[in-house]
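Work through the exercises below with the sequence and the model at hand. Each task is followed by a solution in steps.

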Amino acid sequence: MIDFFQRLDIYMDYKGLNDHKLSLETGISNGLIGKARKRGSLSGQNISKLINTYQDLSADWLFRGEGEMIKRKENNTPAETGSKDYIIELQKKTIENLELRVKSLENKNE
């Protein structure tokens with residue numbers, strides 16, 4: 001299963017980005033992306049910066065691996081992708097999916 005940061009790396013490769021360039025373009029503190037990878041999480045505020053900066057990036061794909069990585073032009077609406085409620089809803093769905101995966105793995109180990 002590919003996680004958030006693996007998908008982010010795929011997108012960064014596609015766009016020719018590295019952590020430094022991503023930090024400059026999004027306003028995320030220098031070095032925070034690498035630290036977030038090690039920690040396994042990125043704050044909602046910084047995720048919002050990513051989504052708002054790279055409006056062609058599908059949040060559904062980034063969070064859940066669903067759909068296409070690059071949004072089609074007609075779906076590229078900042079009001080939808082940049083809202084806190086939208087990001088929170090995606091995070092809730094990601095948590096639900098991860099909880100189901102954990103339960104599935106626990107059942108396999110029993």
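## Exercise 1: An aromatic cluster

F4 is buried, with a relative accessible area of 15%. The model is a predicted one.

Task: Classify the ring pair of F4 and F5, and state whether F5 is buried or exposed.

Solution.
- Step 1. A search of the whole structure finds four aromatic pairs.
- Step 2. In the pair of F4 and F5, the ring centres are 5.0 Å apart and the planes stand at 85°.
- Step 3. Planes over 60 degrees apart count as edge-to-face, so the pair of F4 and F5 is edge-to-face.
- Step 4. The relative accessible area of F5 is 7%, and F5 is therefore buried.

Task: Determine how F63 is connected to F4 and which parts of the chain the pair links.

Solution.
- Step 1. F4 and F63 also form an aromatic pair, at 5.8 Å centre to centre with 55° between the planes.
- Step 2. This geometry is classed as tilted.
- Step 3. F4 belongs to helix α1 (residues 4-15) and F63 to helix α5 (residues 59-64). The two residues are 59 residues apart, and their pair links distant parts of the chain.
- Step 4. F63 has a relative accessible area of 7%, so F63 is buried.
- Step 5. Through ring pairs, F4, F5 and F63 are linked into a cluster.

## Exercise 2: Salt bridges between parts of the chain

Task: Find the partner of R37 and say which helices the pair ties together.

Solution.
- Step 1. Side chains of opposite charge can pair when their charged atoms come close.
- Step 2. The count for this structure comes to five salt bridges.
- Step 3. One of them joins R37 to D9, with the closest N and O atoms 2.4 Å apart.
- Step 4. R37 lies in helix α3 (residues 32-39) and D9 in helix α1, so the salt bridge ties together parts that are 28 residues apart in sequence.
- Step 5. Both partners are partly exposed: R37 has a relative accessible area of 25%, and D9 has 29%.

Task: Locate K15 and D56, and give the N to O distance of their salt bridge.

Solution.
- Step 1. The side chains of K15 and D56 meet at 3.3 Å, N to O.
- Step 2. K15 is in helix α1, whereas D56 is in the loop between α4 (44-53) and α5, so parts 41 residues apart in sequence are tied together.
- Step 3. K15 has 37% relative accessibility and therefore counts as partly exposed.

## Exercise 3: A bridge within a helix, and a network

Task: State how far apart D60 and R64 are in helix α5, and which residues are joined into one network by salt bridges that share partners.

Solution.
- Step 1. D60 and R64 form a salt bridge whose closest N and O atoms are 2.7 Å apart.
- Step 2. Because D60 and R64 are four residues apart in helix α5, about one helical turn separates them.
- Step 3. D60, at 25% relative accessibility, counts as partly exposed.
- Step 4. Shared partners join D9, D19 and R37 into one salt-bridge network.

## Exercise 4: A charged patch

Task: Name the residues that gather in a patch of negative charge on the surface.

Solution.
- Step 1. The patch of negative charge on the surface gathers D85, E89, E96 and E99.
- Step 2. Of these, E96 lies in helix α7 (residues 84-109).
- Step 3. The relative accessible area of E96 is 47%, so E96 is partly exposed.

Conventions:
Residues numbered from 1 in each chain as written. Predicted model: local features only at pLDDT ≥ 70, side-chain atom pairs only at ≥ 80, totals over all residues. Heavy atoms only, no water. Patch = residues over 30% accessible without salt bridge, like charges linked within 9 Å, V, L, I, M, F, W, Y side chains within 5 Å. Areas by Shrake-Rupley, 256 points an atom, 1.4 Å probe, with all protein chains shown as cover. Salt bridge = Lys/Arg side-chain N within 4 Å of Asp/Glu carboxyl O. Lys, Arg positive; Asp, Glu negative; His and termini not counted. Charge placed at Lys NZ, Arg CZ, Asp CG, Glu CD. Buried < 20%, exposed > 50% of the residue type's maximum accessible area, 1.4 Å probe, protein only. Phe/Tyr/Trp six-rings, centres within 6.5 Å; stacked < 30°, edge-to-face > 60°.
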